[in-house]
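Please look at the sequence and the structure shown below. The paragraphs that follow lead from a single residue outward to the whole chain.

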Amino acid sequence: MNQPQVKLGEKTQISAAMHEVFTTEAGVVYQCNKRNRLIIDFAGSVTELRVETFLRLKKAVDSIDLSNMAVNTQRCSDYELVTVCGCDKLYVLTLPEIYTFKELLGGAKFALELNSMLHECLKAQVA
């Protein structure tokens, strides 16, 4: 799988400096250690985020009530607009897209936390 490289003011390019954090059928989350950023490739668009912004985006997506969207028959409940401070992307998501986006962000957060815990354990054993 090709991995994007993001530079300021430029479009995403392929780079070996990116590490895949988590993948689903709908998208991929990469980690760029060089720039200390997470890159979300979801639904055909790529967004570069700081870790704090990634966590705010995950919290915003998690706060969406999927069951309410599913039972609400009003046309305005078919879509949800999601954006957070520090993110220049406005996500316009349908119910199935929100579900898959939640899965992608949740899996990526879990993988990041697991990796962090493993590093802490390794450091504790060395010290």
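I40 is found in strand 5, where strands (E, at least two residues) and helices (H or I, at least four residues) are DSSP runs numbered from the N terminus. The model is a predicted one, in which local features need pLDDT of at least 70 and side-chain atom pairs count only at pLDDT 80 or more, while totals for chains, interfaces and linings use all residues. Residues are numbered from 1 along each chain as its sequence is written, and side-chain values use heavy atoms, with hydrogens and water left out.

Is I40 buried or exposed? I40 has a relative accessible area of 0% and is therefore buried; buried means under 20% relative accessible area, exposed over 50%, and partly exposed in between, with a 1.4 Å probe and protein chains only. Contact means heavy atoms within 4.5 Å. Not counting residues up to four places away in sequence, I40 touches V28, V29, S45, V46, T47, L49, F54, L57, Y91, F101, L104 and L105. I40 and F54 are 14 residues apart along the chain, and their C-alpha atoms are separated by 9.0 Å.

I40 also belongs to a nonpolar core, a term for a set of buried Ala, Val, Leu, Ile, Met, Phe, Trp, Tyr and Cys residues joined through side-chain atoms within 4.5 Å. The largest such core has 22 residues, of which I40, L57 and F101 touch the most other members. Strand 5, helix 1 (51-62), helix 2 (66-71), strand 8 and helix 3 each supply at least two residues of this core. Helix 3 gives the largest share, 5 residues. Apart from this core lies another, of 5 residues, with V28, Y30, C32 and I39 among them.

One of the residues in the second core, C32, has 4% relative accessibility and so counts as buried. C76, by contrast, has a relative accessible area of 59% and is therefore exposed. A search of the whole structure finds 0 disulfides, a disulfide being a pair of cysteine sulfur atoms within 2.5 Å.

The strand that holds I40 has a partner. Strand 5 and strand 6 run antiparallel and are joined by 5 bridges; two strands pair if DSSP finds at least two bridges between them. I39 has E48 in strand 6 as its bridge partner. The two strands form a hairpin with 2 residues between them, and A43 in the turn has a positive phi of about 55 degrees.

Which way do the side chains of strand 6 point? They alternate: S45, T47 and L49 point to one face and are buried, whereas V46 and E48 point to the other and are not. V46 lies in strand 6 (residues 45-49), and its relative accessible area of 35% is why it counts as partly exposed. V46 and V28 are 18 residues apart in sequence, and 9.4 Å lies between their C-alpha atoms.

The next topic is the aromatic rings. Rings of Phe, Tyr and Trp (its six-membered ring) pair if their centres lie within 6.5 Å; planes under 30 degrees apart count as stacked, over 60 as edge-to-face and the rest as tilted. By this rule there are 2 aromatic pairs. F42 and F101 form a tilted pair, 4.4 Å centre to centre, with 35 degrees between the planes. This pair links distant parts of the chain, as F42 is in strand 5 (residues 37-42) and F101 is in helix 3 (residues 95-126), 59 residues apart. Both F42 and F101 are buried. The rings of Y91 and F101 have centres 4.8 Å apart and planes at 40 degrees, so this pair is tilted. Because Y91 lies in strand 8 (residues 91-94) and F101 in helix 3, the pair ties together parts that are 10 residues apart in sequence. Ring pairs thus link F42, Y91 and F101 into a cluster.

In strand 8, Y91 and L93 form the covered face, and V92 and T94 the uncovered one. Strand 8 runs antiparallel to strand 7 (residues 79-82), with 4 bridges joining them, and T94 is the bridge partner of Y79.

Finally, the protein may be viewed in full. It has 3 helices and 8 strands, and from the N terminus its elements run β-β-β-β-β-β-α-α-β-β-α. Buried residues make up 31% of its 127 residues.
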